[in-house]
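Let's take a friendly walk through a protein model, looking at charged pairs and at one helix. Have the structure open as you read.

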Amino acid sequence: MPAQAHINRIGTALPPFEAHAAFLNWAQSRIADRRDGALFKRMASRSGIEKRWTVLPPAADGDQTSPGAFYQSTDPAAPMPPTSARMAIYAEAAPDLCVAAVEALGRPEGITHIVLASCTGFIAPGIDQIVARRLGLPATVERVLIGFMGCYAAVSALRTAHHIVRSEPTARVLVITVELCTLHLQPDIALEPILAMLLFGDGAAAALVTADPVGLAISDPFAMTVPGSEELIRWTVGDMGFAMHLSGAVPAKIGEAIADPVFRAGLGDIAAIDGWAVHAGGRTVLDAVEQGFGLPPEALADSRAVLRDCGNMSSATLMFVFARILEEARHGGKPIEQGLAIAFGPGLAAEGFRFRSAA
């Protein structure tokens, strides 16, 4: 029988600067239409987000109406920093955050593979090589870099580790997700893109995946691209960073996907699921999952807590949810017999896997 891959433990890291309140002030100043301004304020109050974190330091004068010194101007007509400046910060800050997440994990020994996911920056040599060198890993460590897959990339990274361990039972895989979403603030004044920017923050997480029967066992990965949805979630690389397009129709389309008999058949008996790890893409996304599967409110408590404390950190978000699940298990939480992890991202695609507490 192939080896069973387990998420043994997870470490997480957040940047030092909290940015949610400053963003709200900045966004409110850009919306000229009074009705749109009132709607934004109402949507922000109902977002389920209290804090989001950024690698960008605040303005030197302590200005709390700007997201940071990097985006100093509040003038809607003023140009924003170019993509090159944003990538320069990514090259410096993303490895630092990765290393902090691995330190929180406890610097595992004997790493044979790195699987690193990120969609908010590019650099070559890759961030996987930079992090491996910073961690003092041998030059022979095998590396996989998963780029630009968006919010479900954590599933892709953990699934890749799952396949590695099943084929090489002695493998010790370090899975890292890191996203610096706040590098990509855009000069929009329209309501929909500003609402999309309201969701995102920075963060990193690191997991150790091995065949050791500790933590959470991974099984039965699945993936589905929803037909006719390719325009709903997009990242476009532009001259002023990566522009995120997130349609307000996404929650309804997720609801349609959940109701699809073919999709549901691939998930097995939903009533038997006693643990949920759902990507905290936003309050309306979590509401769509909760309503679509007919879940009690407490089922997505971990996801809603991550959304509240960190916002949507793209691929890192699901790892933060798993970190909470593992922490609860360490404090005597009820073992999970049949868990389901699921995340949604560009495509529109849904990806996930089954999990359970280690025997």
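## A charged pair to start with

With a relative accessible area of 30%, R234 is partly exposed. The partner of R234 is E231: the two form a salt bridge in which the closest N and O atoms are 3.1 Å apart. Keep in mind as you look around that this is a predicted model.

## A network of salt bridges

Some charged residues do not stop at a single partner. R283, D287, E290 and R304 are joined into one network by salt bridges that share partners.

Take E290 from this network and find it in helix α9. Is E290 buried or exposed? Its relative accessibility is 15%, and because buried means under 20%, E290 counts as buried. Leaving aside residues up to four places away in sequence, E290 touches L295, P296, P297, L300 and R304.

## More salt bridges

How many salt bridges does a search of the whole structure find? The search finds 13 of them. One links the side chains of R134 and D96, with N and O 2.8 Å apart. R134 belongs to helix α4 (residues 127–134) and D96 to helix α3 (residues 83–105), so this pair ties together parts that are 38 residues apart in sequence. Both ends are partly exposed: R134 has a relative accessible area of 41%, and D96 has one of 38%.

Another salt bridge brings together the side chains of E103 and R107, at 2.8 Å from N to O. E103 is partly exposed, with a relative accessible area of 43%. R107 also counts as partly exposed, at 31% relative accessibility.

## Helix α10 and its cover

Now turn to helix α10, which spans residues 301–310. Which of its residues are buried? They are D302, S303, A305, V306, L307 and C310. Here is a handy rule for reading such a list: an α-helix has 3.6 residues a turn, so residues three or four places apart point the same way.

What covers these buried residues? The cover includes the strands β3 (53–54) and β11 (275–278). Helices take part as well, among them α9 (283–293) and α11 (316–330). You have met α9 already, as the helix that holds E290.

Finally, look just past the end of α10. The helix is followed by G311, which has a positive phi, near 75°.

Methods:
Residues numbered from 1 in each chain as written. Predicted model: local features only at pLDDT ≥ 70, side-chain atom pairs only at ≥ 80, totals over all residues. Heavy atoms only, no water. Buried < 20%, exposed > 50% of the residue type's maximum accessible area, 1.4 Å probe, protein only. Helix = DSSP H or I, 4+ residues; strand = E, 2+ residues; numbered from the N terminus. Contact = heavy atoms within 4.5 Å. Salt bridge = Lys/Arg side-chain N within 4 Å of Asp/Glu carboxyl O.
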